[in-house]
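Here is an informal walk through one model, taking a pocket, a sheet and a couple of side-chain contacts in turn. Keep the viewer open while you read.

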Amino acid sequence: MEEEASPPGLGCSKPHLEKLTLGITRILESSPGVTEVTIIEKPPAERHMISSWEQKNNCVMPEDVKNFYLMTNGFHMTWSVKLDEHIIPLGSMAINSISKLTQLTQSSMYSLPNAPTLADLEDDTHEASDDQPEKPHFDSRSVIFELDSCNGSGKVCLVYKSGKPALAEDTEIWFLDRALYWHFLTDTFTAYYRLLITHLGLPQWQYAFTSYGISPQAKPTGSEGRSKRRCF
């Protein structure tokens, strides 16, 4: 089965898509100014794909991640706003397919010769505290997989905190910003998925969970901001 884009206006007529998007499709489609709400439908992953991923990476996939992939092998939903006859892409929600749920390595972060290694960038001065879990490590202490590249603004990662062989109960979801600083998001994939849907895939929404917040460039201003406020 090939991936198929669900045309605008059809999301609510498909119960499995309504379940997958937690009903947000209906809300977006009924919001003034919002247009082109599109979901790229993906077939469910087969169980052998999950088993192969676990064997290849020596990691046990968390049950909620397994259940997600057994419903859909990845997720991609976008929506736009209409401003003065112009259509502007705005929201983008994505989860990588199993084949793209790849481990974060030196080669995936840098392509320049003589670039520093990820281990060189380790910052052990910020360890676990009462209000913040221990940050992931770029060395063998953690195993890190990319869930979403965030359109280049960072990476949302599934992090195994105890190295390999990695157990499902040792996972958390973290955001790695462009400066390669870590920011805790949620304890579970399910909780992260709800955050993703709740924030509607707005640009750089993950930065709301950092100490410096969303950049001024990503915040709505002018007519675009007024359109967002009318929509929601």
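The largest pocket in this predicted model holds about 490 Å³ of space. Its lining runs to 31 residues, and the ones closest to the centre are His 76, Ser 92, Ala 94, Asp 148 and Asn 151. If you sort the lining of the largest pocket by class, you get 15 polar, twelve nonpolar and four charged residues.

Which strand gives the most to that lining? That would be S4, with seven residues. Strand S3 (75–83) and strand S4 (86–95) each put at least two residues into the lining of the largest pocket.

Now for the sheet. Four strands make up an open sheet in the order S5-S6-S7-S8, and the pairing is antiparallel. Strand S5 (143–148) and strand S8 (182–186) sit at the edges with a single partner strand each, so one side of each has no neighbour in the sheet. Going from one strand to the next, the twist averages 35 degrees.

Here are two of the pairings, with one bridge from each:

| Strand pair | Sense | Bridges | A bridge pair |
|---|---|---|---|
| S6 and S7 | antiparallel | seven bridges | Gly 154 with Asp 177 of S7 |
| S7 and S8 | antiparallel | four bridges | Trp 174 with Phe 184 of S8 |

Strand S7 (residues 171–177) deserves a second look. Is S7 enclosed or open? Seven of its seven residues are buried, so S7 is largely enclosed by the rest of the structure. Side chains in a regular strand alternate between the two faces of the sheet. In S7, Thr 171, Ile 173, Phe 175 and Asp 177 point one way, while Glu 172, Trp 174 and Leu 176 point the other way, and all of them are buried. Note that Trp 174, the residue bridged to Phe 184 in S8, belongs to the second of those groups.

Past the end of S7, the chain turns back through a hairpin into S8, with four residues between the strands. Leu 180 takes a positive phi near 65 degrees in that hairpin, in case you want to check the backbone there.

On to Lys 155, which lies in strand S6 (residues 154–160). Why does Lys 155 count as buried? Its relative accessible area is 18%, and the cut-off for buried is under 20%, so Lys 155 falls on the buried side. Its side chain makes a polar contact of 2.9 Å with the side chain of Glu 146. Lys 155 also lies 8.0 Å from Arg 178, C-alpha to C-alpha, with the two set 23 residues apart in sequence.

Last stop: Thr 25, found in helix H2 (residues 24–29). Thr 25 counts as buried because its relative accessibility is 1%. What does the side chain of Thr 25 join up with? A polar contact of 2.9 Å links it to the side chain of Thr 21.

Terms used
Residues numbered from 1 in each chain as written. Predicted model: local features only at pLDDT ≥ 70, side-chain atom pairs only at ≥ 80, totals over all residues. Heavy atoms only, no water. Buried < 20%, exposed > 50% of the residue type's maximum accessible area, 1.4 Å probe, protein only. Polar contact = N/O pair within 3.5 Å; in protein donor to acceptor, adjacent residues only side chain to side chain. 1 Å grid on protein atoms, 1.4 Å probe; cavity = no way out; pocket = protein on both sides within 12 Å on 5 of 7 lines; lining within 4 Å. Points joined across faces, edges and corners; volume = space filled by probe spheres on them. Nonpolar A, V, L, I, M, F, W, Y, C, P; charged D, E, K, R; others polar. Pairing = 2+ DSSP bridges. Axes fitted to C-alpha atoms, helices over the stretch in contact; angles between N-to-C directions.
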